[in-house]
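Q: Could you take me through the sheet in this protein, slowly, and then show me what sits around it? I'm a first-year student, so plain words are welcome.

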Amino acid sequence: MARRIEVTGAGGVRLVAWEFGDPPKGDPPDTGPQPAIPAQSAGDRTGPHDADTTDPADFFRSTDPFSPTAPTPGVLLLHGLMGRASHWASTARWLCERHRAIALDQRGHGQSEKPPQAAFTREAYVEDAEAALEQLGLAPAVLIGHAMGALTAWQLAAKRPDLVSGVIICDMRASALGAASQREWADWFKSWPVPFATLADVRKWFGEDDPWVERPNPARGAFYAEVMHESADGWRPVFEPEQMLKSRETWVYDAHWEELTQVRCPTLVVRGLDGELGRAEAQEMVRVLPRGEYAEVADAGHLVHYDQPEAWRAAIEPFLDGVLTP
């Protein structure tokens, strides 16, 4: 179970964080990707997903008060571009057994605000995470970030070492990707056959039919089904693609090696064997990090934490034990 907490981010943007607690009695065992939280941000008051899914919000609907003696120390989970807090559900379920685990819907994502005129700069994302740590009383915390969320994590660790006790970087490159990469993403968004008629169509397109899919990948289909909401004409993403491109363009043209050298806390770089972060670059990131460590997960791609939850846990738990154990 998790409770919803509002946080005020940079520029007054309303952010939503989810504090995870023990699952309810009789909760089914975790079997991998979790169902979505229905988005209910401004202008988005959708109901549960269609009948071919279990109720997507069950995991997040607890109204029971949490114990005032929440487990410590803290862990802040930061999703990647287009992601949302629920993508961390399987990780947070075991983390909350020993630690205070909170996942943040970052600006423009999930149930957090998506104001058209908001800043979608690197500075804004970093300041949002900083505000979350301070307002939630979570610091010093371990930051676990996937893709864009990992970049936010190491940039915040470089900026505010007093707030961060450790960082886990999941499949995020430090090198510049360039203009061609940004153009490819813009073309990819245009190729989406929105609106989708059903969530089954979402899963099939992202898991099988998307030209970016090399081989069928049901986990990828499930991942994108979590970021869809039902509108009058079908299923559409909870985010605005233009805001995602604005967010992405603030990092793709620059390298981020110098910021890695400024991260003084223990840092684990994790990659899926078939992910976007290559082994050579990952090992170079470990080399330039003052206290870097390396791990990789076989049979996993970019969504390593989502499509291989048990292997992901095995890769990061020893690091967490070392950082979080008093």
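A: Let's start with the sheet itself. Eight strands make up an open sheet, running in the order 1-2-4-3-5-6-9-10, and their pairing is mixed. At the edges you'll find strand 1 (2-8) and strand 10 (292-297); each has a single partner strand, so one side of each has no neighbour in the sheet. Going from one strand to its neighbour, the direction turns by 20 degrees on average, if you ignore which way the strands run.

Keep in mind that you're looking at a predicted model. The chain averages a pLDDT of 87, and 84% of the residues score at least 70. Be careful with residues 23-71, though: pLDDT stays under 50 there, and the model has 100 contacts beyond four places in sequence for this stretch.

Now zoom in on one edge. In general, strands of a sheet pair through backbone hydrogen bonds, either parallel or antiparallel. Strand 1 and strand 2 (residues 14-20) go for the antiparallel sense, with seven bridges between them. If you want a spot to click on, try arginine 4, which stands opposite tryptophan 18 in strand 2.

Next, look at what packs on the sheet. Helix 3 (residues 148-159) touches strand 3 (74-78), strand 5 (141-146) and strand 6 (164-170), and its direction makes about 150 degrees with that of strand 6. Helix 9 (residues 279-288) also packs on the sheet, where it touches strand 6, strand 9 (267-272) and strand 10; its direction makes about 155 degrees with that of strand 10.

A few loops deserve a stop too. Leaving strand 3, you enter the loop that leads to helix 1 (89-95), and methionine 82 is found there. Methionine 82 has a positive phi of about 75 degrees, although it is not a glycine. Proline 140 is in the loop between helix 2 (122-135) and strand 5. The peptide bond from alanine 139 to proline 140 is cis, with omega near -10 degrees. There's another cis peptide bond from valine 194 to proline 195, with omega near 0 degrees. Proline 195 belongs to the loop between helix 4 and helix 5 (199-209).

Helix 4 brings us to the last stop, the largest pocket. Its volume is about 1100 Å³. The lining has 35 residues, and the closest to the pocket's centre are Arg220, Asp274, Glu276, Gly301 and His302. Helix 4 (179-191) and helix 6 (218-225) each supply at least two lining residues, and helix 4 gives the most, with four. Sorted by class, the lining has 16 nonpolar, eight polar and 11 charged residues.

Terms used. Residues numbered from 1 in each chain as written. Predicted model: local features only at pLDDT ≥ 70, side-chain atom pairs only at ≥ 80, totals over all residues. Heavy atoms only, no water. pLDDT = per-residue confidence, 0-100. Contact = heavy atoms within 4.5 Å. Pairing = 2+ DSSP bridges. Axes fitted to C-alpha atoms, helices over the stretch in contact; angles between N-to-C directions. 1 Å grid on protein atoms, 1.4 Å probe; cavity = no way out; pocket = protein on both sides within 12 Å on 5 of 7 lines; lining within 4 Å. Points joined across faces, edges and corners; volume = space filled by probe spheres on them. Nonpolar A, V, L, I, M, F, W, Y, C, P; charged D, E, K, R; others polar.
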